[in-house]
Amino acid sequence: MELLGKSKEELREYCVGLGEPAFRGAQIYHALYAERKFDIAQITNLPAALRERLSKETRITLPEVKQRFVSADGSVRYLFALPAGEDRTTARPASVEAVFMPSEGRQTICISTQAGCAVDCHFCLTAQLGLIRNLTAGEILVQVLLPLEEHKAQLAPQTNIVLMGQGEPLLNFEPVMAAVGILLDPGGMGISPKHVTLSTSGIVPGIERLAQEKVRPKLAISLNASNDEQRDALMPINKKYPLSVLMEACKNYPLRTWEHLTFEYVMLGGLNDAAEDARRVVRLLAPLKSVKVNLIPWNPGELPYRESSSERIEEFRRILVERGVPAFVRYSRGRDIMAACGQLALLQVQSSPLTTLRSSVS
């Protein structure tokens with residue numbers, strides 16, 4: 001049995017099934033996620049006989065770090081090789097990327113939830129991969145655990161986790177939420193919900209489902225356009241969930257007292273960055289309770305788009321702010337190592353081409 005990705009309750013039940021006290025499962029859980037111990041032999045508060053049995057009957061699967069790319073700004077892009085899993089959805093091996101971004105007083109880790117992506121956003125290099133496969137809860141968590149362990153990083157003073165790497169999180173809902181539960185569990189990784197953000201392209205049924213979860217991260221919506229015609233061209237998912245439907249789901253989304261909805265808007269020169277676009281965004285967001293907008297300069301790749309000028313970006317931001325919409329310009333880190341938003345595309349995989357699976361989005 002694979003231990004990584006299992007909840008505390010699952011591990012407690014497993015230990016009871018072995019004839020052990022349930023608290024042994026809680027000890028394994030704490031060792032994996034709070035202490036980052038990835039070898040049964042290291043969990044020395046377990047009896048030797050139990051450790052020996054676990055070493056024969058269970059495993060803790062860590063991905064191979066195929067390559068590390070270190071940016072001039074200190075960011076590290078990891079290229080992980082994931083072995084094939086045991087069920088149909090994970091039957092093929094895959095490669096996936098995560099980015100560790102240290103800075104003074106905090107660190108941010110951008111993680112992937114799928115290998116590749118089925119949501120064909122035309123300005124994003126990851127979309128060129130198609131969907132290779134979903135990730136398990138353990139494969140999602142290890143993208144946080146390994147960089148923290150490698151850098152011997154502590155969770156204090158602030159660790160931010162952003163589910164903004166490869167994939168659409170809400171199309172891999174159960175494994176993503178299992179991983180998020182462990183990230184947010186004070187007895188697990190102990191990260192505050194205020195510091196974990198899930199980004200979606202606008203999968204409305206997933207947003208409605210997330211709204212019902214008692215334990216959940218913050219929500220960010222990739223908007224990237226000011227009307228349906230624009231968004232249809234940039235993000236084909238909009239044809240299934242147009243802006244009116246998406247905004248209704250956002251309007252109904254239950255915000256906690258400290259929470260706001262974040263909208264991400266990639267600035268594409270001459271395409272979605274005009275003053276009239278900014279005014280339309282204001283009108284779109286006006287019915288919502290508490291929002292903020294992150295304006296993200298497009299990160300170059302081999303796609304037919306160009307960056308907005310700094311003057312255009314500043315004018316766009318000013319229009320939003322003057323009309324009561326908090327807006328911030330977010331320059332991505334790791335651009336020089338293809339680690340920035342929209343750049344994760346396995347460009348350095350030294351192997352035969354990956355078999356991709358293009359699936360319908362539901």
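How do the residues of the lining of the largest cavity divide into nonpolar, polar and charged? I shall open with that question and then move on to the sheet, a pocket and several individual residues. Please keep in mind throughout that this is a predicted model.

Let me begin with the cavity. The structure holds 1 cavity of 30 Å³ or more. The volume of the largest cavity is about 40 Å³. Its lining is made up of Cys 250, Lys 251, Tyr 253, Leu 255, Leu 261, Leu 288, Lys 289, Ser 290 and Val 291. To answer the opening question, these residues divide into 6 nonpolar, 1 polar and 2 charged. As for how such spaces are found, rolling a probe the size of a water molecule over the atoms shows where empty space is left.

I turn now to the sheet. It is an open sheet of 10 strands, and the pairing is mixed. Its order reads β1-β2-β3-β4-β7-β8-β9-β10-β11-β12. The edge strands are β1, residues 64-70, and β12, residues 327-329, each of which pairs on one side only. On average, and with direction ignored, neighbouring strands of this sheet are turned by 20 degrees against each other. As general background, strands of a sheet pair through backbone hydrogen bonds, either parallel or antiparallel.

Allow me to walk along part of this sheet, starting with strand β3. This strand covers residues 94-103 and runs antiparallel to β4, to which it is joined by 5 bridges. Within that pairing, Met 101 has Thr 108 of β4 as its bridge partner. The hairpin of β3 and β4 has 2 residues between the strands, and Gly 105 in this hairpin takes a positive phi near 85 degrees.

Strand β4 itself is mostly covered, with 4 of its 5 residues buried. It spans residues 106-110 and is joined to β7 by 4 bridges, the two strands running parallel. Two positions illustrate this pairing. Thr 108 has Asn 160 in β7 as its bridge partner, and Cys 110 stands opposite Val 162 in β7. Thr 108 therefore appears in two pairings, being the bridge partner of Met 101 as well as of Asn 160.

How many of the residues of strand β7 are buried? In this strand, residues 159-163, 5 of the 5 residues are buried, so β7 is largely enclosed by the rest of the structure. Thr 159, Ile 161 and Leu 163 point one way from the strand, while Asn 160 and Val 162 point the other way. The general pattern is that in a regular strand the side chains alternate between the two faces of the sheet. Strand β7 also runs parallel to β8, residues 196-200, through 3 bridges. There, Leu 163 stands opposite Leu 198 in β8.

At the β12 edge, β11, residues 291-297, pairs with β12 in the parallel sense over 3 bridges. Asn 294 stands opposite Phe 328 in β12.

Next, the second largest pocket. Its space amounts to about 470 Å³. The pocket is lined by 21 residues, of which Glu 2, Leu 4, Arg 59, Thr 136 and Glu 139 lie nearest its centre. Which helix gives the most to this lining? That is α4, residues 137-150, which contributes 4 residues. The lining as a whole divides into 8 nonpolar, 6 polar and 7 charged residues.

I shall close with some individual residues. Gln 114 is found in strand β5, residues 114-116. Is Gln 114 buried or exposed? It is buried, with a relative accessible area of 2%. The side chain of Gln 114 reaches the backbone nitrogen of Glu 168 at 2.9 Å.

Arg 51 lies in helix α3, residues 48-57. At 22% relative accessibility, Arg 51 counts as partly exposed. Arg 51 and Ala 41 are 10 residues apart in sequence, and their C-alpha atoms are 6.4 Å apart in space.

Finally, two residues have a positive phi without being glycine. Arg 36, with a phi of about 55 degrees, lies in the loop between α2 and α3. Arg 36 is buried, at a relative accessible area of 11%. Asn 224, with a phi near 65 degrees, is found in the loop between β9 and α7. At 2% relative accessibility, Asn 224 counts as buried.

Note on methods: Residues numbered from 1 in each chain as written. Predicted model: local features only at pLDDT ≥ 70, side-chain atom pairs only at ≥ 80, totals over all residues. Heavy atoms only, no water. 1 Å grid on protein atoms, 1.4 Å probe; cavity = no way out; pocket = protein on both sides within 12 Å on 5 of 7 lines; lining within 4 Å. Points joined across faces, edges and corners; volume = space filled by probe spheres on them. Nonpolar A, V, L, I, M, F, W, Y, C, P; charged D, E, K, R; others polar. Pairing = 2+ DSSP bridges. Axes fitted to C-alpha atoms, helices over the stretch in contact; angles between N-to-C directions. Buried < 20%, exposed > 50% of the residue type's maximum accessible area, 1.4 Å probe, protein only. Polar contact = N/O pair within 3.5 Å; in protein donor to acceptor, adjacent residues only side chain to side chain.
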